[in-house]
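Biologist: Take a look at this one with me. I'd like to ask where the labels come from.

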Amino acid sequence: MASYFSHFPNVYIGEGVTSNEAFKYRLAKNIFRRVKARDDLDRYVTSFEAYSIRDGESPSFLANRLYGDPFLDWVILLSNNITDFYSQWPKSEDNLQKFVSEAYSDPDSVHHYETNEIMYEDIVYIKRGSNVNDGFRATMPDGSIKTAVESRYPVSNYEYENYLNEQKRLIGIPNGIMVDLMQEEMQGLLEYELHAEVDKFGNKKTPLSMSSRFINNDTSIIGSGSRTAVSDVVTSFDNGPSNASVGVVSSTSASVAGTSTTTTTTTSSPSSSSSSTSSSSSSSSSSSSSSSSSSSSGSSGSSSSGSSGGGYYGGGY
């Protein structure tokens, strides 16, 4: 019978990208693809049988005993959403004691406290097993207070880990029909979709790029480069009249040879103003600005383009 990884598609892994040898490829299983059991599988109770794992039983042992094929162990693991055998499969008694001894300096010391079952007038007032601190004392409805021994009991480190280990023993075993269905769907779910990089055999090959030779394993680029310094144009704007100055002129200057632009904004009063914008071409490497009177160079009462209404926020746009 086919093993778990036999259902996985192949992918070409590039080699020779960190040396001067020619590019070459190696065909390998794409272990990055994965399927998971549907979340609603627990509704189909007739397709699964509850089972308690006995001490020392492994997934392959159960698969061989139940299905006659140890390579169907992945069916048991996948249907129970077990992805880490070492942490999600129950440990044997020997392995559990070894684990507790390595995890705790004293396996018999108190891990935590849990409540005792306390009755009041034949009714369960406090249920057993709730986590509490060492100082917990049960207070009854009549005002009486239980002692520490009556209120809670200690749980040792070993008892705590043994409880968690026992919880892992109960699993669901798929029946024969479900096993056949899972094997049929496995191949279709893992295979690639149609793509230019997938050949007729279903193998995926992504062409290598020459740039991969210049990228190390830390994904940082190997090499050097220099940035070209750019002298940006600094522009100041007239933010309108203030008590300190009215009629402030803002100018734009650039240390780049070519066309220079001068923007002049003049504010005469809050009630009426006009602004003018003039441009000049120059072959020198600097530009200057000059103030103008409150009247524009054009017709009276009109404003040229580039100014804002009222002259409060003129120029620079």
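**Labels and cut-offs**

Modeller: Let's start with one pair: Glu-114 stands opposite Asn-131 in E7. Before going on, this is a predicted model, where local features need pLDDT of at least 70 and side-chain atom pairs count only at pLDDT 80 or more, while totals for chains, interfaces and linings use all residues. Residues are numbered from 1 along each chain as its sequence is written, and side-chain values use heavy atoms, with hydrogens and water left out.

Biologist: What makes E4 and E7 a pair of strands?

Modeller: Pairing takes at least two bridges found by DSSP between two strands. E4 (residues 110-115) and E7 are joined by two bridges and run antiparallel, so they pair by that rule. The labels themselves are DSSP runs numbered from the N terminus: H or I of at least four residues for helices, E of at least two for strands.

Biologist: And how do you know that E4 pairs with E8?

Modeller: Five bridges join those two, again antiparallel, and the rule asks for at least two. One example is His-112, whose bridge partner in E8 is Val-155.

Biologist: Why are E7 and E8 said to stand at the edges?

Modeller: The open sheet has three strands in the order E7-E4-E8, with antiparallel pairing. E7 (131-132) and E8 (152-156) each have a single partner strand, so one side of each lacks a neighbour in the sheet. Helix H6 (residues 157-167) packs on this sheet and touches E4 and E8, its direction making about 80° with that of E8.

Biologist: What makes E8 mostly covered?

Modeller: Four of its five residues are buried. Buried is under 20% relative accessible area, exposed is over 50%, and partly exposed is in between (1.4 Å probe, protein chains only). For the whole chain of 317 residues, buried ones make up 27%.

Biologist: Why do you say that the buried residues of H6 line one face?

Modeller: They are Asn-157, Glu-161 and Asn-165. Down the axis of H6 they fall within an arc of 65°, so they line one face of the helix; that arc is taken over directions from the helix axis to the C-beta atoms. Tyr-163 and Gln-167 are exposed on the other side. The cover over the buried residues includes helix H4 (93-103), E4 and E8.

Biologist: Why are H4 and H6 called oblique?

Modeller: Their axes come within 10 Å and cross at roughly 135°. Axes are lines fitted to C-alpha atoms, for helices over the stretch in contact, and angles run from 0 to 180 degrees between N-to-C directions. Under 35 degrees is roughly parallel, over 145 roughly antiparallel, 65 to 115 roughly perpendicular, and the rest oblique. H4 and H6 are therefore oblique to each other. The contact (heavy atoms within 4.5 Å) involves Glu-93, Leu-96, Gln-97, Phe-99 and Val-100 of H4, and Tyr-158, Glu-161, Asn-162 and Asn-165 of H6.

Biologist: What makes Asn-81 partly exposed, and Glu-121 exposed?

Modeller: Asn-81 has 45% relative accessibility, so it counts as partly exposed. It sits in the loop between helix H2 (73-79) and helix H3 (85-88). Glu-121, in the loop between strand E5 (118-120) and strand E6 (123-126), has a relative accessible area of 62% and is exposed.

Biologist: And what is phi of those two?

Modeller: Phi of Asn-81 is near 55°, a positive value in a residue other than glycine. Glu-121 also has phi near 55°. Most residues other than glycine have a negative phi.
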